[in-house]
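Work through the exercises below with the sequence and the model in view. Each task is followed by a solution in steps.

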Amino acid sequence: MENFTTSTIIKYLRKVLKEVDNIYIDSGFKNAFILKKYLEYYQMEDEDSPKVVLLCILRYIGTFYKDDSVDRKDHAKAAASSYAFLKYCSPLGDVARPLMFYKAKYVEGMVSPEDPAYKSYYLGLLLTLINQVVQYNYAEYTPDEISDLIKADTKSQFHPEQVRKLLRMLKKDPDVYENINSKSSLYIYEVSSYISKANYSDDDLMAFIETTNYMFEFHNHETLAHTITTAEIAKFLAKQFRLSDARTEEIYIAGLVHDIGKLRVPASILTSPHSLVGDELTIMRKHVEYTKEILEGSFSDNVIAIASNHHERLDGSGYPQGLTERDLSIGDKIIMVADVASALYSQRSYKNSYNENEIIDELERQAKDNKLDDRVVNKFVDYYDEIMAVAKEKENETLAKYQKMREQYKKLISNDQLKDFFDESDDSIDIIDDKNV
């Protein structure tokens, strides 16, 4: 892939996660830093270690729904939701299983070392213990006080061997605690660099971008469906113009990320049952500027420009800059048509899906009024059946993954065996959940 690297994708993922819930991502990097040091200190690293460290940052990802449908204080449900999300909606499905045991209680003999699930159980308990140390760090306890608090655990909720090893490491290497306790962001850079060492394929990196689109489900699924179809339509049109592979990829990526700024838009506006006017419309239109801010530093200038220009129009009537035809590239013109076509095709909270004739009529009307490029519109019309077949197939594939995720979640939370790993009468300190950071 020419338009991104592992490090830039990890940076983008971090920025998007911060948009979803900044507090939990901040604590996630502290957790990840300690886990990285632990694995290094005890020579426990393997090829999956960078991905497992990333799990620290993503440990609450299944609980970010705006309607609070998954309560992260219900540890069994929170663990099941985060595991299911990463299993089906990310390239981390093969390493996500430890999250099934995040916030689980240590019970001697619950899982034997010979059991295939033991490694996941062990890592889940380790993530839980490390998180407790981070909570104490937020509460400004000293390392010695943390040691006393962990040792005084009368409920035996943590794995005794892990307690001994973690406290030993923190005592032998006090810089670990000092790093996460400082105002410096060096530990974030160290974690990001470590995570980037994973053996991600190009498809994996593209899948991380798609994972950020699944985060729209924390708001509403309509935005997810629109984003996917926009990207597919744009890619198809770019190929019809015989653009280079690199340029086509830029346009496709721009389609995937063009609405990421909507993460800052209130869910009440995204799901409004009526067409937006007044202040609501002003707020919604801000999503283009938000998109540009989120993308900066992670993608090329061309990708950022194309994504940021999808609401511009040839006659200068678009937003946010009021650009005109001479200011717009072929990539901009393609994404504009793709966005409008997808918006017409997609069902929204305030409108039904348009049929083929209605979509074509509206695009041709906007081309006639010098809003959209007539060459691009003509290509879309000429290849309408092929384009929409590809877009629908990708949309169905994407929504099927989401459906599998929800089905897996429901199956897990109804599993009494999984519930046995969790003691919901948890009185351990959790500064983050109390929003006292």
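**Exercise 1.** State what share of the residues of the chain count as buried.

Solution. Buried means under 20% relative accessible area, exposed over 50%, and partly exposed in between, with a 1.4 Å probe and protein chains only. By this cut-off, 56% of the 437 residues of the chain are buried.

The model is predicted: local features need pLDDT of at least 70, side-chain atom pairs count only at pLDDT 80 or more, and totals for chains, interfaces and linings use all residues. Residues are numbered from 1 along each chain as its sequence is written, and side-chain values use heavy atoms, leaving out hydrogens and water.

**Exercise 2.** Describe the secondary structure of the chain and judge its compactness.

Solution. Helices (H or I, at least four residues) and strands (E, at least two) are DSSP runs, numbered from the N terminus. The chain has 20 helices and zero strands. Its radius of gyration, taken over C-alpha atoms, is 24 Å, close to the 22 Å from the globule rule for 437 residues, so the chain is as compact as a globular protein of that length. The rule is 2.2 Å times the number of residues to the power 0.38. Along its principal axes, the C-alpha trace spans about 75 × 40 × 40 Å.

**Exercise 3.** Locate Glu250 and list what Glu250 touches.

Solution. Glu250 lies in helix H11, residues 245-257. Glu250 is buried, at 9% relative accessible area. Contact means heavy atoms within 4.5 Å. Leaving aside residues up to four places away in sequence, Glu250 touches Asn3, Ser300, Asn302 and Val303.
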